[in-house]
Amino acid sequence: MSVWLPTAPCTPGACVEPTGSATAVPRAVLRLAAVTLLMLAGVLLSPLGRHLPTGLVRRWSRAVVRAAGVRVRITGGAAPTGGLLLVANHISWLDIPLLAAVRPARMLAKTEIRQWPVAGPLAARGGVLFIDRDRLRALPDTVARIAQVLRDGQAVAVFPEGSTWCGRAQGTFRRAVFQAALDAGVPVQPVRLRYRIAGGTATTAPAFVGEDTLLASLWRVASARGVVAEVEVRDAIAPGTHPDRRSLARAAQPVTPGSGDGRDGICGPQNSGR
């Protein structure tokens, strides 16, 4: 097993709720068209990179999520400026623009994303730090590269679980990336992501898990009704408050009732994860 590719028990068939109906098709098509147009606009603007105003990037990120039919609710304070490690639990492809809505950052992502249509070119031009999760030997260099970016005063966004979960349960934050924050002497900003129906019930419809395809997940989100993305910006963890990466990762980990490795029956059968 790769250090960057832990196992998640969630599968689309066992964990993810079906959405939509025949009457939802026109609405879903319009939503996907709007998302595509916004992503293309992002590709065109991405060469400007860090020269883009952060307020514009935040508004664009929220617009992508809203165009997919998902309302955004952000609670908590503002993320610190300067070098910052932004960490969150991982459920959906929607998590990426949601973190950018909190604070624009360079994303740490798997190399396979380079091949995604539209999103791949956008990620490459936007300064994404790509990692080869199957090469354990590359881990020290990856941590060193992240630490240098943090020392340069930039933010790096990471999903330390290393795999998407359906939202009913969650994985454990892996420790390696927190070493970069320790080495650079920068704060860690934990963010907790949840998806609910407008009435307050948790939903797994936005989850992107197991052997799910990006197109299937996009369609499921676009055809859903009343989905709300809840983004909880927790208190930042100041540098020097934790002696090692183990305790730092534990402090940043959001605690969710029923969270764990999926063996409590919350999730489906064991699966290769994402």
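# Why do we call it that?

Modeller: Let's start with Trp219, which is found in helix 8 (residues 214–223). Keep in mind that this is a predicted model.

Biologist: Why is Trp219 called partly exposed?

Modeller: Its relative accessible area is 34%. Buried means under 20% and exposed means over 50%, so Trp219, at 34%, counts as partly exposed.

Biologist: And what makes up the nonpolar patch on the surface that Trp219 belongs to?

Modeller: Val25, Val29 and Trp219 form that patch, and together they have about 230 Å² of accessible area.

Biologist: Let's move on to charges. How many salt bridges does the structure hold?

Modeller: There are 5 salt bridges. One of them joins Arg220 to Asp212.

Biologist: How do you know that Arg220 and Asp212 form a salt bridge?

Modeller: Their closest N and O atoms are 2.6 Å apart. The cut-off is a side-chain nitrogen of Lys or Arg within 4 Å of a carboxyl oxygen of Asp or Glu, so the pair at 2.6 Å qualifies.

Biologist: Are those two partners buried or exposed?

Modeller: Buried. Arg220 has 11% relative accessibility and Asp212 has 9%. Buried means under 20%, so both values meet the cut-off.

Biologist: What makes Arg194 and Glu230 a salt bridge?

Modeller: The closest N and O atoms of Arg194 and Glu230 are 3.8 Å apart, and the limit is within 4 Å, so the pair counts. Arg194 lies in strand 6 and Glu230 in strand 7, so this salt bridge ties together parts that are 36 residues apart in sequence.

Biologist: Which residue does Glu232 pair with?

Modeller: Glu232 forms a salt bridge with Arg194, with the closest N and O atoms 3.3 Å apart. That pair links distant parts of the chain, since Glu232 is in strand 7 and Arg194 is in strand 6, 38 residues apart.

Biologist: Why is Glu230 called buried, when Arg194 and Glu232 are called partly exposed?

Modeller: It comes down to the cut-offs: buried is under 20%, and partly exposed lies between that and 50%. Glu230 has a relative accessible area of 15%, so Glu230 is buried. Arg194 is at 25%, so Arg194 is partly exposed. Glu232 is at 27%, so Glu232 is partly exposed as well.

Biologist: Which residues are linked in a network of salt bridges?

Modeller: Arg73, Arg194, Arg196, Glu230 and Glu232.

Biologist: There's also a patch of positive charge on the surface. Which residues gather there?

Modeller: Arg174, Arg175, Arg245, Arg246 and Arg250. Arg246 sits in helix 9 (residues 245–252).

Biologist: What makes Arg246 partly exposed?

Modeller: Its relative accessible area is 44%. The band for partly exposed runs between 20% and 50%, so Arg246 fits.

Biologist: Now for the inside. Why is helix 4 called largely enclosed by the rest of the structure?

Modeller: Because 7 of the 8 residues of helix 4 (residues 95–102) are buried. They are Asp95, Pro97, Leu98, Leu99, Ala100, Ala101 and Val102.

Biologist: What do those buried residues of helix 4 pack against?

Modeller: They pack against helix 3 and several strands, including strand 1 (70–76), strand 2 (84–88) and strand 5 (155–158).

Biologist: How do you know that Gln154 is buried?

Modeller: Gln154 has a relative accessible area of 11%, and the cut-off for buried is under 20%, so Gln154 is buried. Gln154 is placed in the loop between helix 6 (139–151) and strand 5. Leaving aside neighbours within four places in sequence, Gln154 is in contact with residues including Arg50, Leu84 and Arg103.

Biologist: And Gly49, where is that?

Modeller: Gly49 is in the loop between helix 2 (25–45) and helix 3 (54–67). At 34% relative accessibility, Gly49 falls between 20% and 50%, so Gly49 is partly exposed. Gly49 and Gly127 are 78 residues apart in sequence, yet 7.3 Å apart in space, C-alpha to C-alpha.

Biologist: Last one: what does the whole chain look like in numbers?

Modeller: The protein chain has 9 helices and 7 strands, and buried residues make up 51% of its 274 residues. Among contacts with a separation of 6 or more, 81% are between residues 24 or more positions apart.

Methods:
Residues numbered from 1 in each chain as written. Predicted model: local features only at pLDDT ≥ 70, side-chain atom pairs only at ≥ 80, totals over all residues. Heavy atoms only, no water. Patch = residues over 30% accessible without salt bridge, like charges linked within 9 Å, V, L, I, M, F, W, Y side chains within 5 Å. Areas by Shrake-Rupley, 256 points an atom, 1.4 Å probe, with all protein chains shown as cover. Lys, Arg positive; Asp, Glu negative; His and termini not counted. Charge placed at Lys NZ, Arg CZ, Asp CG, Glu CD. Helix = DSSP H or I, 4+ residues; strand = E, 2+ residues; numbered from the N terminus. Buried < 20%, exposed > 50% of the residue type's maximum accessible area, 1.4 Å probe, protein only. Contact = heavy atoms within 4.5 Å.
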